[in-house]
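Visitor: Hello! Could you take me through one part of this structure slowly, as you would for someone in their first year?

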Amino acid sequence: MITVSHLSKAYNSSPVLNIENLDIPQGQSFGLVGNNGAGKTTFFSLLLDLIQPTTGFIKSKDIQIDESEDWKPFTSAYIDETFLIGYLTPEEYFYFIGELRGQNKADVDTLLKQFEDFFHGEILNQKKYLRDLSKGNQKKVGIIAALIGNPEVIILDEPFANLDPTTQIRLKQIIKNLASQQGVTVLVSSHDLMHVTEVSERIVVLEKGEVIKDLVTSAATLKELEAHFAGE
Amino acid sequence: MVFGALWMIASFLLMGFGVYFIIEEQFNMEPFQVVNQVLIYYMAFDLVFRYFLQKMPVLNIKTLMYLPIKRKTIVNFAIGKTMISFFNVLHAFFFIPFSIVLIMEGFPVLQVMAWNLGIVGWIYCNNFINIFVNNKDVVFFAVIGVIGAMIGLQYFGVFDITQLTYPVFNAFYAIPYLAFVPVFLAVFFYKMAFTFFKNNLYLDSGLSVKHDIAETQDYSWLNRFGSMSTFLKNDIKLLRRNKRSKTTLLISVLFIFYGLLFFTGSVEAYEGPFWRVFAGIFISGGFLFTFGQFVPSWDSAYYPLMMSQNIRYKEYIASKWYLMVIATIVSTIISVFYLYWGWQAYAAVVVGAIYNIGVNSHMVLWGGAYIKTPIDLTTSKKAFGDKQAFNAKTLLLTIPKLVLPMAIYAVGHFTLGEVFGFALVAIAGFTGFLFKNKVFNIIEKVYKSEKYKTLAAYKQNN
């Protein structure tokens, strides 16, 4: 589904990301971990063509991301608040994204219905604009909006941060279902090793922009990651 | 910011030195008396400008609260900071040179100084009043309404408020110790502001952020515009729900009245015939200029979202374009009152509107594609006067927008007469309209080629 070849990104000749080869097959739930500055968000930004690669390229379904825009209809993401429109209510925002992704109101409503317990009564019909919601609630909106329009690739940067424990547990269920039942390729980054091992079939550890571990998740993975980040 | 501030300082200095002689020689009136009469409007407009532009100190208080600093000190610091603001200092650049001229012209030094003291007191009263009324739109619009009514009543000779206020300002000069009254008043306001802030220095009272009660609107009647309606609906919400854009709307309304300066003949420099077209362009195009020049910056806060979605750029641009066209037409209809100053005045507005729609709408959007200053929608304090509004590029771009139509009109006016001049400008407008798709294509290309740079620039402030 996603193929990374000789990808690198440097700012003023100081490298921030350097991935020689990486293949993410369709329907895989893919976890990215690393300390601050490891290059996680840089990688996701490159995947969304928000920044330009210094060398190399990423292909999604054989479409080169920085050359064509044809990957956009089947890709969606929630990176940070810059993916929210502050002066809209959550409903308006969902419908707006829906319209951009070719979904009518009824389609969006059907989707939202499935996530009522995820919203926990704090999102819909609250008479609040997105800019006035708490960080956690904003994140809920952004994540669910990324599910609109049956995307085949979903990219979530730090989705667990700022969420309350109940919502974290529900989100983990959502992510697992997406990959296993609907064949969606889900890319998730996290600082929380426990969460990410729970939802991802495969975990890649980035350090200073390089892939230093590429693990298939097993019972031993969490221990291995903890040892890695504690010791070094 | 710096450019705007320097420009203000320079013009205040010039006025300060020049106004005495201008009034004396051009109008044959007593300068000091005229200034004292006009001062009430000066002070009123000062209040209005402050309301729009002066930043309130409360914003950075939160960080101080966790530090070991006495609450009293924090409040004094916050209020004190407003006192040294540019909006207070600026007036010195007018009143000091003006007073120097007064003294040179033989006015007694002590009395002139007392008059100055009175003015300083008054300006600081304004400063504190602004703190109280900050973000209270009702109060603000009431002030604007009163000013408008007073100007109207004076213009039509019904009632002249300056006759009432002139003695007040003159009294600071005539009876010097009266100048202490506004100073005491300012001190009193300071104390009031101090107690007010001190009692409200809590996160859940004075420092709490007010939340608007949101209503979901779907504007489904706009769906007839096809897939462009997605953006149109959003743009209307953008305009209605953000402080910055509301300020822009208000400014565009003010532009409608800008023409009064031209057609009533109150400014001598504007009497050449081609200035009509200049006025016409501004009257009908206030919104077009103030809104259009910041497309796509209006969407800067969520530009990464837009760029990762499958956006049809043409529809995105077209939506902004339609808004500008609609606003231009509405402004043109409202300005029908210019007929009072002759058909030429309104003809200038109408051909100005045609030129705006046909040519300037494209120019403005095209230019905006290169302007990469992010817009903070939540504050109105930066709507004009900082570098976002005034930079070399935007100034350069005004040439085809303003100078060209004036030149076209002049060509017609001085060959076959004014009707021909108006016709030429209108024809230029209609011709421009034919290039709409071509220009949209170019703008789309600019958006695409500048994408990474724009994203990076918007990120700076987010």
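How many bridges join strand 1 of chain A to strand 2 of chain A, and do they run parallel or antiparallel?

Guide: Happy to help, and one thing to keep in mind from the start is that this is a predicted model. Strand 1 of chain A covers residues 2-11 and strand 2 of chain A covers residues 14-24; nine bridges join them, and the two run antiparallel. To see the pairing for yourself, find A:V4, whose bridge partner in strand 2 of chain A is A:L22. The two strands form a hairpin, with two residues between them. Look at A:N12 in that turn: its phi is positive, at about 45 degrees.

Now let's place this hairpin in its wider setting. The UniProt record, an unreviewed entry, puts the feature "domain: ABC transporter" at residues 2-230 of chain A. That span is 34% helix and 27% strand, and its end C-alpha atoms lie 31 Å apart.

Within chain A, a good next stop is strand 8, residues 185-190. Six of its six residues are buried, so strand 8 of chain A is largely enclosed by the rest of the structure. Try following its side chains one by one. A:T185, A:L187 and A:S189 point one way, while A:V186, A:V188 and A:S190 point the other way, and all of them are buried.

Strand 8 of chain A also has strands paired with it. Strand 3 of chain A, residues 29-33, pairs with strand 8 in the parallel sense over five bridges. Strand 7 of chain A, residues 153-157, is joined to strand 8 by five bridges too, and these strands run parallel. A:V188 is a handy landmark for both pairings: A:V188 is the bridge partner of A:G31, and A:L156 stands opposite A:V188 as well. If you trace the chain from strand 7 through helix 6, residues 165-182, to strand 8, you follow a right-handed β-α-β unit of chain A.

For a single side chain, let's turn to A:Q64, found in strand 5 of chain A, residues 63-64. The relative accessible area of A:Q64 is 18%, and because buried means under 20%, A:Q64 counts as buried. Its side chain is joined to that of A:D66 by a polar contact of 3.1 Å. Leaving aside neighbours within four places in sequence, A:Q64 is in contact with A:F57, A:I58 and A:K59.

Next come the aromatic rings. A search of the whole structure finds 51 aromatic pairs over all chains. One of them is formed by A:F94 and A:F119, which is tilted, with 5.8 Å centre to centre and 35 degrees between the planes. This pair links distant parts of the chain: A:F94 sits in helix 2 of chain A, residues 90-100, and A:F119 in helix 4 of chain A, residues 116-119, 25 residues apart. A:F94 has 0% relative accessibility and counts as buried; A:F119, at 2%, counts as buried too.

Chain B offers another tilted pair, B:F274 and B:W275, at 6.3 Å centre to centre with 40 degrees between the planes. Here B:F274 is partly exposed, with a relative accessible area of 27%, and B:W275 is partly exposed at 22%. Chain B also holds an aromatic cluster whose members are B:F32, B:Y42, B:F94, B:F95, B:F98, B:F107, B:W115 and B:Y173.

Let's finish with two residues in helices of chain B. B:N88 is found in helix 5 of chain B, residues 86-104, and is buried, with a relative accessible area of 6%. Beyond its neighbours within four places in sequence, B:N88 is in contact with B:R50, B:T82, B:M83, B:I123, B:Y124 and B:N127.

B:K246 lies in helix 11 of chain B, residues 243-258, and is partly exposed, with a relative accessible area of 44%. With neighbours within four places in sequence left aside, B:K246 is in contact with B:L239, B:R240 and B:R241. As a last exercise, find B:K246 and B:S308 together: these residues are 62 apart in sequence and 28 Å apart in space, C-alpha to C-alpha.

Note on methods
Residues are numbered from 1 along each chain as its sequence is written. Chains are lettered from A and ligands numbered from 1 in the order in which they are written. This is a predicted model: local features need pLDDT of at least 70, side-chain atom pairs count only at pLDDT 80 or more; totals for chains, interfaces and linings use all residues. Side-chain values use heavy atoms; hydrogens and water are left out. Buried means under 20% relative accessible area, exposed over 50%, partly exposed in between (1.4 Å probe, protein chains only). Helices (H or I, at least four residues) and strands (E, at least two) are DSSP runs, numbered from the N terminus. Two strands pair if DSSP finds at least two bridges between them. A crossover is right-handed if, with the strands pointing away from the viewer, the path from the first strand over the helix to the second runs clockwise. A polar contact is a pair of N or O atoms within 3.5 Å; within protein, one must be able to donate a hydrogen and the other to accept it, and residues adjacent in sequence count only if both atoms are side-chain atoms. Contact means heavy atoms within 4.5 Å. UniProt positions are given in the numbering used here, feature names are shortened, and annotations may be inferred rather than shown by experiment. Rings of Phe, Tyr and Trp (its six-membered ring) pair if their centres lie within 6.5 Å; planes under 30 degrees apart count as stacked, over 60 as edge-to-face and the rest as tilted.
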